[in-house]
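User: I am new to this structure and would like to understand how the words used to describe it are justified. Could you take me through the reasoning step by step?

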Amino acid sequence: MLYVLTFVACLAGVPEPRCDRIELPWDGPAFRCQLFGQMEIARWLREHPGFVLEGGWRCERGRSI
């Protein structure tokens with residue numbers, strides 16, 4: 001079953017923050033997405049300087065478009 005790790009990231013430090021819903025495909029069991037999702041979000045944030053996590057995150061069934 002394919003899951004999608006979903007979170008909202010905002011570009012900080014600009015007059016009008018730009019926020020995007022990020023969907024990272026997760027091919028594996030849901031418990032691993034829950035267990036390692038935060039680590040993947042941290043990796044994404046390191047690769048996209050200036051963005052910060054806004055709120056929480058979740059693992060959903062489905063495919064990223």
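User: What share of the 65 residues of the protein chain counts as buried, and what makes a residue count that way?

Analyst: In this predicted model, 26% of the 65 residues of the protein chain count as buried. A residue earns that word when its relative accessible area is under 20%. The accessible surface of the protein chain comes to about 4600 Å², and 55% of it belongs to carbon and sulfur atoms.

User: Why is glutamine 38 called exposed?

Analyst: Glutamine 38 has a relative accessible area of 55%, and the word exposed applies to values over 50%, so glutamine 38 is exposed. This residue lies in helix H1, which spans residues 30-47. Although glutamine 38 and glycine 56 are 18 residues apart in sequence, their C-alpha atoms are 9.6 Å apart in space.

User: Which elements does the protein chain have, and in what order do they run?

Analyst: There are 1 helix and 3 strands in the protein chain, and from the N terminus on they follow the pattern β-β-α-β.

User: How do you know that E1 pairs with E2 and with E3?

Analyst: Pairing requires at least two bridges between two strands. E1 and E2 are joined by 10 bridges, while 9 bridges join strand E1 (residues 2-11) to E3, so both pairs satisfy the requirement of at least two. Both E2 and E3 run antiparallel to E1. As examples of facing residues, alanine 9 has aspartate 20 as its bridge partner in E2, whereas in E3 arginine 58 stands opposite threonine 6 and cysteine 59 stands opposite leucine 5. In the hairpin of E1 and E2, with 6 residues between the strands, glycine 13 takes a positive phi near 80°.

User: What makes E2 and E3 the edge strands?

Analyst: The open sheet is built from 3 strands in the order E2-E1-E3, with antiparallel pairing. Strand E2 (18-27) and strand E3 (51-61) each pair on one side only, and they are the edge strands. On average, neighbouring strands of this sheet are turned by 20° against each other, direction ignored. Helix H1 packs on the sheet, where it touches E1, E2 and E3, and its direction makes about 155° with that of E3.

User: Why are Tyr3, Leu5, Phe7 and the residues grouped with them called a nonpolar core?

Analyst: The name is given to buried residues of certain kinds, Ala, Leu and Trp among them, that are joined through side-chain atoms within 4.5 Å. The largest such core has 11 residues in all: Tyr3, Leu5, Phe7, Ala9, Ile22, Trp26, Cys33, Ile41, Trp44, Phe51 and Cys59. Because these residues form a set that fits that description, they are called a nonpolar core. Two or more residues come from each of E1, E2, H1 and E3, and E1 gives the largest share, 4 residues. In soluble globular proteins, nonpolar side chains tend to be buried together.

User: How do you know that E1 is mostly covered, and what does alanine 9 touch?

Analyst: Of the 10 residues of E1, 8 are buried, and E1 is accordingly described as mostly covered. Leaving aside residues up to four places away in sequence, alanine 9 touches Arg18, Cys19, Asp20, Ile22, Trp44, Phe51 and Val52. Here a touch stands for heavy atoms within 4.5 Å.

Conventions
Residues numbered from 1 in each chain as written. Predicted model: local features only at pLDDT ≥ 70, side-chain atom pairs only at ≥ 80, totals over all residues. Heavy atoms only, no water. Buried < 20%, exposed > 50% of the residue type's maximum accessible area, 1.4 Å probe, protein only. Axes fitted to C-alpha atoms, helices over the stretch in contact; angles between N-to-C directions. Areas by Shrake-Rupley, 256 points an atom, 1.4 Å probe, with all protein chains shown as cover.
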